[in-house]
Amino acid sequence: MKTFYHGSPTPHIEVLEPRFDPRLDTEGIFIADEPFGPMMFALLPVRAHAAVDYTTKNGKFIEGKVSTQEINEEGWLYTFEVEESIIKERGSGQFYLAMPVRIIKTEKILKEDVLYLGWKIEIKPNREA
């Protein structure tokens with residue numbers, strides 16, 4: 001079993017269920033083997049309107065930036081364990097699950113937590129307004 005992470009602005013999730021992402025034409029639960037990206041995704045109310053890029057090395061956060069129309073003050077980092085054999089790889093270092101998974105730990109993430117790590121946040125105007 002290996003530990004993985006998923007970030008969501010939705011609190012109190014006990015079982016993560018796969019959802020369809022029309023941008024990627026994929027149904028799944030998008031996960032990471034480090035918490036840093038999911039921590040940022042936990043704060044994004046509309047992921048489709050955000051560009052997230054970050055670098056880690058040897059399990060440590062190096063740098064990250066997000067460009068988004070809005071960001072929440074808090075979100076949720078979900079931790080779970082699964083057999084690596086059921087993980088699907090969407091791209092190099094990009095993973096997802098195609099089946100539900102039970103959460104073993106929930107952590108509240110604050111915007112100040114990601115800023116403390118060194119994330120740079122750019123709020124871009126809504127082009128549709």
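**Reading a serine and its two sheets**

Modeller: Let's start at one spot: the side chains of Ser 67 and Glu 122 are joined by a polar contact of 3.1 Å. That term covers a pair of N or O atoms within 3.5 Å; within protein, one must be able to donate a hydrogen and the other to accept it, and residues adjacent in sequence count only if both atoms are side-chain atoms. Bear in mind that this is a predicted model, where local features need pLDDT of at least 70 and side-chain atom pairs count only at pLDDT 80 or more, while totals for chains, interfaces and linings use all residues. Residues are numbered from 1 along each chain as its sequence is written, and side-chain values use heavy atoms, with hydrogens and water left out.

Colleague: Fine. Is Ser 67 buried or exposed?

Modeller: Check the relative accessible area: under 20% is buried, over 50% exposed, in between partly exposed (1.4 Å probe, protein chains only). Ser 67 comes out at 16%, so it is buried.

Colleague: And which residues is Ser 67 in contact with, leaving aside its neighbours within four places in sequence?

Modeller: Contact means heavy atoms within 4.5 Å. On that basis Ser 67 touches His 49, Ala 50, Ala 51, Glu 122 and Lys 124. So Glu 122, the polar partner of Ser 67, turns up in the contact list as well.

Colleague: Which strand is Ser 67 found in?

Modeller: Strands here are DSSP runs (E, at least two residues), numbered from the N terminus. Ser 67 sits in strand S6, which spans residues 60–68.

Colleague: How do I read the sheet around S6?

Modeller: Work out the pairs, then the order. Two strands pair if DSSP finds at least two bridges between them. S5 and S6 are antiparallel and share 7 bridges; within that pair, Val 52 faces Val 66 of S6. The full order is S5-S6-S12, an open sheet of 3 strands with mixed pairing.

Colleague: Why is one side of S5 and of S12 left without a neighbour in the sheet?

Modeller: Because S5 (51–57) and S12 (119–123) are the edge strands, each with a single partner strand. As for twist, axes are lines fitted to C-alpha atoms, and angles run from 0 to 180 degrees between N-to-C directions. With direction ignored, neighbouring strands in this sheet are turned by 5 degrees against each other on average.

Colleague: What order do the strands take in the open sheet of 4 strands?

Modeller: Read it as S3-S4-S9-S8, with antiparallel pairing. S3 (19–21) and S8 are at the edges, pairing on one side only. From one strand to the next, the twist averages 60 degrees.

Colleague: Which bridges hold S9 in there?

Modeller: Take its two partners in turn. S4 (residues 26–31) runs antiparallel to S9, with 3 bridges, and Ile 29 has Leu 97 in S9 as its bridge partner. S8 (residues 88–91) is also antiparallel to S9 (residues 94–97), again through 3 bridges. In that pair, Gly 91 is bridged to Gln 94.

Colleague: How many residues lie between the strands in the hairpin of S8 and S9?

Modeller: Just count along the chain from one strand to the other: there are 2 residues between S8 and S9. Then look at the backbone torsions of the turn. Gly 93 takes a positive phi near 75 degrees in this hairpin.
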